[in-house]
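Please take a moment with the sequence and the model shown here before reading on. The paragraphs after them go from the chain as a whole to its core, and then to single helices.

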Amino acid sequence: GKSSSPGGGGGEGGGGVPIADPAGKGHIVIGMEDAITIAREAREAVQAKLDKEPMQLPANSIEFERLWKRVRSSKDKATEFLASIPPSKLPTYFKSDIDDEVLSALIGCINTVYLPSRLPEALELLSGLLSLPRFSIAVKLMSKRDREALGGLISRIE
C-alpha cells in the first residue's frame with residue numbers, strides 16, 4: 001500500500017490530502033503544506049479581527065507593551081497608535097526606561113504626524129519624552145541614525 005506520514009514527504013498524507021488516522025482514533029492526519037496553510041489563515045483571521053477592534057488607550061506600561069507588539073510591524077498602525085497617546089501619559093508607560101524601538105518610532109511620529117502643522121503638540125510630546133527618567137541614557141544608547149533623526153527633529157522645531 002501507500003505510505004502516509006504526517007510530516008510530509010510523499011504519499012497521500014504528505015502532500016495535503018487528508019487521510020483517516022491509522023490508529024483509528026478519529027483524528028485526521030494532514031500534510032505539512034496544509035498545516036502551514038491552516039496556520040497562516042488562522043494568523044490572518046486573528047490579525048483581521050484585531051485590526052477591526054478600536055485601539056484603546058493603554059492604562060499602564062504592560063498594556064502599552066501589549067498594544068505596541070500588536071501594531072509595531074505596520075509603520076502606519078504604529079504611527080497611528082503613538083499619535084493617539086497623550087504626552088501626559090508617557091511617564092505612566094515609561095516609568096523606568098523607554099525601549100529604543102519605541103523611542104525611535106515616537107521621534108518618527110513627531111516628525112511625520114505633528115510637524116509642521118501641529119507644532120504645539122509636537123513640543124508637548126517632545127517635552128514629555130525629555131521628562132522621562134533615564135531619557136538621557138536612552139539617547140546615548142540610540143543608533144547614530146536615530147540620534148541624527150532626533151537632532152533633525154529639534155532643528156525643525158527651532
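What follows is a walk through this structure, one part at a time.

The model is a predicted one, and its chain has nine helices and two strands. Read from the N terminus on, the elements run α-β-β-α-α-α-α-α-α-α-α, so that a helix comes before the two strands and the other helices come after them. Of the 158 residues in the chain, 30% count as buried. If one takes the contacts between residues at least 6 apart in sequence, 49% of them join residues that are at least 24 apart.

The interior is a good place to begin. In soluble globular proteins, nonpolar side chains tend to be buried together. The largest nonpolar core of this model has 32 residues, and the residues with the most contacts inside this core are Phe-64, Phe-94, Ile-98, Ile-110 and Leu-129. Two or more residues are given to the core by each of helix 3 (61-71), helix 4 (75-83), helix 5 (90-93), helix 6 (100-114), helix 7 (119-130), helix 8 (135-141) and helix 9 (144-157), and helix 6 gives the most, with seven residues. Leu-129 can serve as an example of how the core is joined up: leaving aside its neighbours within four places in sequence, Leu-129 is in contact with Leu-90, Ile-98, Leu-103, Leu-106, Ile-110 and Phe-135.

Aromatic rings deserve a look of their own. The structure holds four aromatic pairs, and one of them is formed by Tyr-93 and Phe-94, whose rings meet edge-to-face with 6.4 Å from centre to centre and 85° between the planes. Both Tyr-93 and Phe-94 are buried, and ring pairs link these two with Phe-64 and Phe-81 into a cluster.

Helix 6 comes next. This helix has 15 residues and reaches 20 Å from its first C-alpha to its last, which is close to the 21 Å expected at 1.5 Å a residue. At its N-terminal end helix 6 is capped by Asp-99, which has a side-chain oxygen 2.9 Å from the backbone nitrogen of Glu-101. The buried residues of helix 6 are Val-102, Leu-103, Leu-106, Ile-107, Cys-109, Ile-110, Asn-111 and Tyr-114, and what covers them includes helix 3, helix 4, helix 5, helix 7, helix 8 and helix 9.

Helix 4 is one of the elements found in that cover. Its buried residues are Ala-78, Thr-79, Phe-81 and Leu-82; seen down the axis of helix 4, they fall within an arc of 160°, so they line one face of the helix. These buried residues pack against helix 3 and helix 6, whereas the face turned away from the buried side carries the exposed residues Asp-76 and Glu-80.

Why does Thr-79 count as buried? The cut-off for a buried residue is a relative accessible area under 20%, and Thr-79 is buried because its relative accessible area is 16%. The side chain of Thr-79 reaches the backbone oxygen of Lys-75 at 2.8 Å, and, not counting residues up to four places away in sequence, Thr-79 touches Cys-109, Thr-112 and Val-113.

Helix 9 can be read in a similar order. Its end C-alpha atoms are 20 Å apart, which agrees with the 20 Å that its 14 residues should span at 1.5 Å a residue. In this helix Asp-146, Leu-150, Leu-153 and Ile-157 are buried, and they cover an arc of only 60° around the axis, which puts them on the same side of helix 9. The buried residues of helix 9 pack against helix 6, helix 7 and helix 8, while the face turned away from them carries the exposed residues Lys-144, Arg-145 and Glu-148.

What does the side chain of Asp-146 make a polar contact with? Asp-146 is found in helix 9 and counts as buried at 12% relative accessibility, and the partner of its side chain is the side chain of Ser-104, at 3.0 Å.

Note on methods: Residues are numbered from 1 along each chain as its sequence is written. This is a predicted model: local features need pLDDT of at least 70, side-chain atom pairs count only at pLDDT 80 or more; totals for chains, interfaces and linings use all residues. Side-chain values use heavy atoms; hydrogens and water are left out. A nonpolar core is a set of buried Ala, Val, Leu, Ile, Met, Phe, Trp, Tyr and Cys residues joined through side-chain atoms within 4.5 Å. Buried means under 20% relative accessible area, exposed over 50%, partly exposed in between (1.4 Å probe, protein chains only). Helices (H or I, at least four residues) and strands (E, at least two) are DSSP runs, numbered from the N terminus. Contact means heavy atoms within 4.5 Å. The expected span of a helix is 1.5 Å times one less than its number of residues. A polar contact is a pair of N or O atoms within 3.5 Å; within protein, one must be able to donate a hydrogen and the other to accept it, and residues adjacent in sequence count only if both atoms are side-chain atoms. The arc is that of the directions from the helix axis to the C-beta atoms. Rings of Phe, Tyr and Trp (its six-membered ring) pair if their centres lie within 6.5 Å; planes under 30 degrees apart count as stacked, over 60 as edge-to-face and the rest as tilted.
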